Amino acid sequence: MKKGFLITNITASFFAVVSIGWLIYDFIAYGILRGKMLQLEPLTSLDEKLGLFIWLGVLVFLIFHIVSFLAIASQFQFFKKAGALRVIALLLAIVSCIFILDDIACLSDIGKEYQEGLEVEFEWRSLYRSSALHGLFFLVMLANLIQALYRRTEVKPGEAAVHDVTIFTLVHAVGVLCSGIGLFGAFAALIVQRSHPLLHITFPFLFILSLIPYGLLAGYWLIMKVKEKPENWYDEKQFRDISRAALLTMFTTIPLMALIYILTYNAPKNPMDILWFPVYLYWVIFCFSLGSLYFNWNN
Amino acid sequence: MKLGNHIRRCRFEHNEISQQALANAVGVTRLTIHSIEKGKFVPSTFLAFKLARFFKKNVEDIFYLIDTEQENSGET
C-alpha cells in the first residue's frame, strides 16, 4: 500500500508543478491573444502555436485531475482519516474538474466567434474565472501532496483499521456530491436550456466530467478489493446498509423513471431524449450513495 | 424481542480494549462494533461466536434476549 501511495502522490506532485507552470503560461498567452482577438486583429502563426499549447494545457490539467483523485484516495486509505486540507483538496478537485468543461466551451467559442468577427469578451472573462479556480486547486493540491508526503512516516504499522471505512465513506460521499452536481446540471439544462441546440454536444462533456471523480474513486476501491474474496468486500453491517440503500434506490428510481416516461410520452424531440440516461444514472448513484451513508452512520 | 449484549462491559474487563482493536480482532469495522453495542445491529451467529471466542466467554455470557412485551407490560 505504501508503494501505491508513493507512486500516486509523487506522480501527482510532478503534474501539480507542471500544471502550475502551464497555468502561468496560459495567463501569459491569454494576455497576448485576448488583446488581439478583442480588436479582431489577424493572428500570426506564433499566436496560433500559443493557442495550440493552451489546448494541450487542458489535456495536462485533465490528467492532473485524474492523478489527483487517485492520490487523494490513496491518502485517505493510507492515513485512515480525513484531514481538513485533504477534504478541501478533494472538493476543489471535483469542482475544478467540472470546470474543465467551461475551459473547453470557452476556448471553442472564442475560436469560432473570433473567426466570425463576433464579440468574445464574456468568454474571456469566463475563461479567466475558470483558470483562477484551477489555480486555487493546483496550489491547495500541491500543499496537500507536500503535507501527505512529509507526514507519511508518522503512520505506524498496526494502528490502522483492518476493515477500513474511510474509502467506503469517501466513495459514497463523492458519489452524492458528483451525482448531486449532475442532477442539478441536468435539471438546469431541462429548464433553462430547453431549446438549446447544442445540448447533445455540451451535455455529454458535463456527464463525463462530473462522473470522473466518482468513477476513479470507485475504481480505486474496486482495485483494492479485487485482491480480497468477494465475501470480505464488506463487513456484515456494511452489507446490510448497502442492501437497504439498494432497496431505497429501486423504490425511488421506478416512480421517477415512470414519471419521466409519462411526461415525455407525447413530447417528441424533448430534451429528455438526451437527458433521460444521465438523469437515471445520477439518480441511482445519488440515492444509493446517500442511502449507504445514512444507514451506515445512523443504524 | 431484542438482543442485548455486554460487549461494552467485556471490553473494559479486557484491558479496556478499544472498539477499533476489537473490530480488527474479529474482522469488522469499528462502526459495526459501535452499532452492536448500542443494540442497533444484530450480529450474525458467526460474528457472535467470534466475539465470544475473543473474550474467552460463552455466547450467552455476552448476548441475551430482552422480551420487549414483558418489559413494556412491566413498565405499565
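A charge is taken to sit over a ring if NZ of Lys or CZ of Arg is within 6 Å of the ring centre and within 35 degrees of the ring normal. With that criterion in mind, begin the tour of this predicted model by selecting A:Arg86 and A:Phe76: the arginine lies over the face of the phenylalanine, at 6.0 Å from the ring centre. Next, display A:Arg244, whose charged end sits over the ring of A:Phe295, 5.7 Å from its centre.

Turn now to the aromatic pairs, of which the whole structure holds 23 over all chains. Select A:Trp22 and A:Phe53, a tilted pair at 6.5 Å centre to centre with 35° between the planes. A:Trp22 belongs to helix α1 (residues 2-38) and A:Phe53 to helix α2, both of chain A, so the pair ties together parts that are 31 residues apart in sequence.

Move on to A:Phe64 and A:Phe137, which are also tilted, at 5.5 Å and 40°. Here helix α2 is tied to helix α4 (residues 121-151) of chain A, across 73 residues of sequence. A:Phe64 is buried at 0% relative accessibility, and A:Phe137 is buried at 0% as well.

Return to A:Phe53, which is partly exposed at 40% relative accessibility. Add A:Leu52, A:Leu56, A:Leu59 and A:Ile63 to the selection; with A:Phe53 they form a nonpolar surface patch of about 440 Å² accessible area together.

Then select A:Phe207, A:Trp276, A:Phe277, A:Tyr280 and A:Tyr282, a cluster linked by ring pairs.

Finish with chain B, which follows the pattern β-α-α-α-α-α-β-α along its sequence. Of its 76 residues, 39% count as buried. Chain B exposes about 4800 Å², 49% of it supplied by carbon and sulfur atoms.

Note on methods: Residues numbered from 1 in each chain as written. Chains lettered and ligands numbered in written order. Predicted model: local features only at pLDDT ≥ 70, side-chain atom pairs only at ≥ 80, totals over all residues. Heavy atoms only, no water. Patch = residues over 30% accessible without salt bridge, like charges linked within 9 Å, V, L, I, M, F, W, Y side chains within 5 Å. Areas by Shrake-Rupley, 256 points an atom, 1.4 Å probe, with all protein chains shown as cover. Salt bridge = Lys/Arg side-chain N within 4 Å of Asp/Glu carboxyl O. Helix = DSSP H or I, 4+ residues; strand = E, 2+ residues; numbered from the N terminus. Buried < 20%, exposed > 50% of the residue type's maximum accessible area, 1.4 Å probe, protein only. Phe/Tyr/Trp six-rings, centres within 6.5 Å; stacked < 30°, edge-to-face > 60°.
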